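Open the model in your viewer and keep the sequence panel beside it. We will go from selection to selection, with a short note on what you should find at each stop.

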Amino acid sequence: MSGPHGPFVLGVDSGGSGLRVALGGPDATHPVGTDVCAEPVRTGPGGIDAGHLMEQLLPAARRLLERAGPGASVSAAVIGAAGMATLGDQLRAEVPAALGDALGVRRLALAADAVTAYAGALGQRPGAVVAGGTGMIALGTDLTAWRRADGWGHLLGDSGGGAWIGRAGLDAAMRAHDGRRGGSPALLARAEAVFGPATGLPGELYPRADRPALLASFAPEVAACSPDDEVAARILREAAAHIAEAAAAVCPRTPDPRSGECEVALTGGLFRMGEPLLGPLRGELAQQVPQARVVPAAGDPLHGALEIARALAGSGLRLPPHPTLLFVPGVT
């Protein structure tokens, strides 16, 4: 960092749990300061609400700059947001000018949260990242183009993610309740302990706007049952197969010429399940993506936003710009 007056870079991570903002120096590894806005940015008919994002972002950024010292300024900013690829038209149309007017930012990128997860995990190296939480998405690049697999939401995909595992576990519970094949008494017992009588589960689940999160909340129960319950263990093996399929789809077709390998990082709360999921996943990756070398994620999506901002500020952006995944105004 060049001193208390900057230049600084700004990183933003906007997701379902709220907005996180970080201020960092152009060369520093860790943020100078962070701020959290607990209210998630609204999504409406026009997609992600640019005005609501700016209402939260600007006060947080100004607080961080005030703490940094007199005259502190921002040379580059990156906003990573869940849904940016499909719901980010309003952000791309309005935020660059608004942020420039408010903070004087002239170098800016708007990124899908999968891209900031990638940058947080692998930096600007070629490879692949699987981001697993309630949903599941895989993203890979050879630094010339992006490859994406899944991330299509719990109705169309997110196969192997938390909501997928939770739904499969509840399906097995209801099968046990009915006496159908494929049921798991152990999962039925856990479902009734968590949600109440099985017959009340449809009324608990279907009216909820946060159905994916509610489904995902049951995934740890599946993992907990898996050592002693073959149905739960099978669900996690199938999840591992789906995750490995997505990784195989996005790994660069030309591995690292020095090692012949493709670095694959796993990031997100899904993988905190530990060995019940990671054990089968290692086996599936070895079979489906033999060139994969699983590496630890260096940081989270907020660190990834700062990583991209630092690249814009000085070292040069190596990750490929993209109209929706990594939008850099003025760059096609």
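The tour below starts with the sheet, turns to one residue, and ends with helix pairs.

A word on the ground rules: this is a predicted model, where local features need pLDDT of at least 70 and side-chain atom pairs count only at pLDDT 80 or more, while totals for chains, interfaces and linings use all residues. Residues are numbered from 1 along each chain as its sequence is written, and side-chain values use heavy atoms, with hydrogens and water left out.

**Stop 1: the sheet.** Colour the strands (DSSP runs of E, at least two residues; helices are runs of H or I, at least four, and both are numbered from the N terminus). Six of them form an open sheet of mixed pairing, in the order β3-β2-β1-β6-β7-β13; two strands pair if DSSP finds at least two bridges between them. At the edges, pairing on one side only, are β3 (33-37) and β13 (326-327). Next, select β2 (residues 18-24): five bridges join β2 to β3, and the two run antiparallel. Within this pair, R20 stands opposite V36 in β3.

Now add helix α1 (residues 50-68), which packs on the sheet and touches β1, β2, β3 and β6 (74-81). Contact here means heavy atoms within 4.5 Å.

**Stop 2: D13.** Zoom in on D13 in strand β1 (residues 8-15). Is D13 buried or exposed? D13 is buried, because its relative accessible area is 13% (buried is under 20%, exposed over 50%, partly exposed in between, with a 1.4 Å probe and protein chains only). Leaving out residues up to four places away in sequence, D13 touches G18, L19, R20, G80, P301 and L302.

**Stop 3: α5 and α10.** Show helix α5 (residues 162-178) with helix α10 (residues 230-250): their axes are 10 Å apart, at an angle of about 150 degrees. Axes are lines fitted to C-alpha atoms, for helices over the stretch in contact, and angles run from 0 to 180 degrees between N-to-C directions. The two helices are therefore roughly antiparallel (over 145 degrees; under 35 is roughly parallel, 65 to 115 roughly perpendicular and the rest oblique). Try sticks for W164, I165, A168, G169 and A172 in α5, which meet α10 residues including V231, I235 and H242.

**Stop 4: α1 and α3.** Return to α1 and add helix α3 (residues 89-103); the axes come within 11 Å and cross at roughly 30 degrees. That makes α1 roughly parallel to α3.
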